[in-house]
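Hi everyone, thanks for coming. I'd like to walk you through one structure today, so please have a look at the screen.

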Amino acid sequence: MNWTLAALLILGICLFFGFWWYERQHPPAKVVALVATLAALAALGRVAFAPLPSVKPTTTIVLIAGFALGAAPGFTVGAVAALSSNLFFGQGPWTPWQMAAWGLVGVLGAGVALVSGGRVSRLPLALVCGVAGLIYGVILDFSTWVTFSGDQTLAKYLAISAASLPFNIAHAVGNVVFFLAFGPGLIRAVQRCRT
């Protein structure tokens with residue numbers, strides 16, 4: 001079995017268990033509606049900002065979903081946003097990686113809420129959004145390395161990471177700006193709708 005096939009198999013298992021985790025919770029209709037709305041908003045935000053490479057509100061919206069709704073709903077918002085927005089951008093071997101990476105961002109948001117008791121001020125949470133963008137970039141760099149580099153050497157991974165660094169930095173900075181612009185208001189709105 002080669003690297004690409006093994007990675008996609010592991011990724012498929014992770015995605016299956018992520019969706020199973022969400023479904024197993026038997027979320028109430030209100031949470032299902034919030035998950036669907038936030039996933040649509042995240043996908044739409046990605047499509048709307050398509051002209052700006054890597055500057056998308058998707059990561060910020062997914063992190064907020066995890067922060068306000070919990071890990072399994074946050075994972076689902078991220079995975080569904082990636083899958084649905086790729087109906088516009090094109091599906092391919094990158095789609096499951098994007099689904100897993102944005103799903104992980106949703107779980108990260110829930111982790112921040114758990115550790116902080118749901119009380120984090122605006123700037124630290126904006127910086128977490130920036131870090132989430134960098135984590136997303138590292139995962140997508142890894143996916144490019146596994147899927148398209150031929151032989152997987154450290155030199156090739158470093159070359160891929162170096163080439164994508166400006167895009168990853170733009171993604172992180174964009175996430176901080178998006179959170180500062182609408183993050184606290186969206187968190188309050190989601191939390192109000194959830195209760």
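I'll start with the overall fold, then go through the aromatic residues, the cysteines and a few single residues.

First, a reminder that this is a predicted model. The chain has seven helices and zero strands. Reading from the N terminus, you get α-α-α-α-α-α-α, which makes the topology line on my slide rather easy to type.

Now the overall dimensions. The C-alpha trace spans about 50 × 35 × 35 Å along its principal axes. For a chain of 195 residues, a compact globule would be expected to have a radius of gyration near 16 Å, and the chain agrees because its own value is 16 Å. Buried residues account for 46% of those 195 residues. If you take the contacts with a separation of 6 or more, 76% of them come from residues 24 or more positions apart. As for the surface, about 9500 Å² is exposed, and carbon and sulfur atoms supply 76% of that area.

Let's move on to the aromatics. How many aromatic pairs does the structure hold? The count is 10, and I'd like to show you two of them.

One is Phe19 with Phe75, an edge-to-face pair with the ring centres 5.7 Å apart and 75° between the planes. That angle is over 60 degrees, so the pair counts as edge-to-face. What I like here is that the pair links distant parts of the chain: Phe19 belongs to helix α1, residues 3-24, while Phe75 belongs to helix α4, residues 71-89, and the two are 56 residues apart. Phe19 is partly exposed at 26% relative accessible area, whereas Phe75 is buried at 7%.

The other pair is Phe142 with Trp145. Here the centres are 5.5 Å apart, the planes make an angle of 50°, and the arrangement is tilted. Why are these two separated by about one helical turn? Because they sit three residues apart in helix α6, which covers residues 122-148. Phe142 is partly exposed, with a relative accessible area of 29%, while Trp145 is buried at 9%. Both of these residues also belong to one aromatic cluster, together with Trp97 and Tyr157.

Next, the cysteines. A search of the whole structure turns up zero disulfides. Take Cys129: the nearest cysteine sulfur is that of Cys193, 19 Å away. A disulfide would need the two sulfur atoms within 2.5 Å, so that distance rules one out. Cys129 is buried, with just 1% relative accessible area, while Cys193 is partly exposed at 42%.

Now for some individual residues, beginning with Asn86. You'll find Asn86 in helix α4. Is Asn86 buried or exposed? It is buried, at 1% relative accessible area. The Asn86 side chain has polar partners there: it makes a polar contact of 2.8 Å with the side chain of Arg46, and another of 2.9 Å with the side chain of Thr95. Setting aside neighbours within four places in sequence, Asn86 is in contact with Arg46, Gln91, Trp94, Thr95 and Gln98.

Arg46 comes up again with Thr58, which is in helix α3, residues 58-69. Thr58 is also buried, with a relative accessibility of 1%. A polar atom of the Thr58 side chain lies 2.9 Å from the backbone oxygen of Ala42. Not counting residues up to four places away in sequence, Thr58 touches Ala42, Gly45, Arg46, Ala81 and Trp102. So if you have the model open, Arg46 is a good place to click: Asn86 contacts it, and Thr58 does too.

My last stop is Pro28. Pro28 counts as exposed, at 51% relative accessibility; the cut-off for exposed is over 50%. Which residue lies 9.7 Å from Pro28, C-alpha to C-alpha, despite being 166 residues apart in sequence? That residue is Arg194.

To recap, we have a predicted model with seven helices, 10 aromatic pairs and zero disulfides. Thanks for listening, and I'm happy to take questions.

Conventions. Residues are numbered from 1 along each chain as its sequence is written. This is a predicted model: local features need pLDDT of at least 70, side-chain atom pairs count only at pLDDT 80 or more; totals for chains, interfaces and linings use all residues. Side-chain values use heavy atoms; hydrogens and water are left out. Rings of Phe, Tyr and Trp (its six-membered ring) pair if their centres lie within 6.5 Å; planes under 30 degrees apart count as stacked, over 60 as edge-to-face and the rest as tilted. Helices (H or I, at least four residues) and strands (E, at least two) are DSSP runs, numbered from the N terminus. Buried means under 20% relative accessible area, exposed over 50%, partly exposed in between (1.4 Å probe, protein chains only). The radius of gyration is taken over C-alpha atoms; the globule rule is 2.2 Å times the number of residues to the power 0.38. Contact means heavy atoms within 4.5 Å. Accessible areas come from the Shrake-Rupley method with a 1.4 Å probe; for residues, only the protein chains shown count as cover. A polar contact is a pair of N or O atoms within 3.5 Å; within protein, one must be able to donate a hydrogen and the other to accept it, and residues adjacent in sequence count only if both atoms are side-chain atoms.
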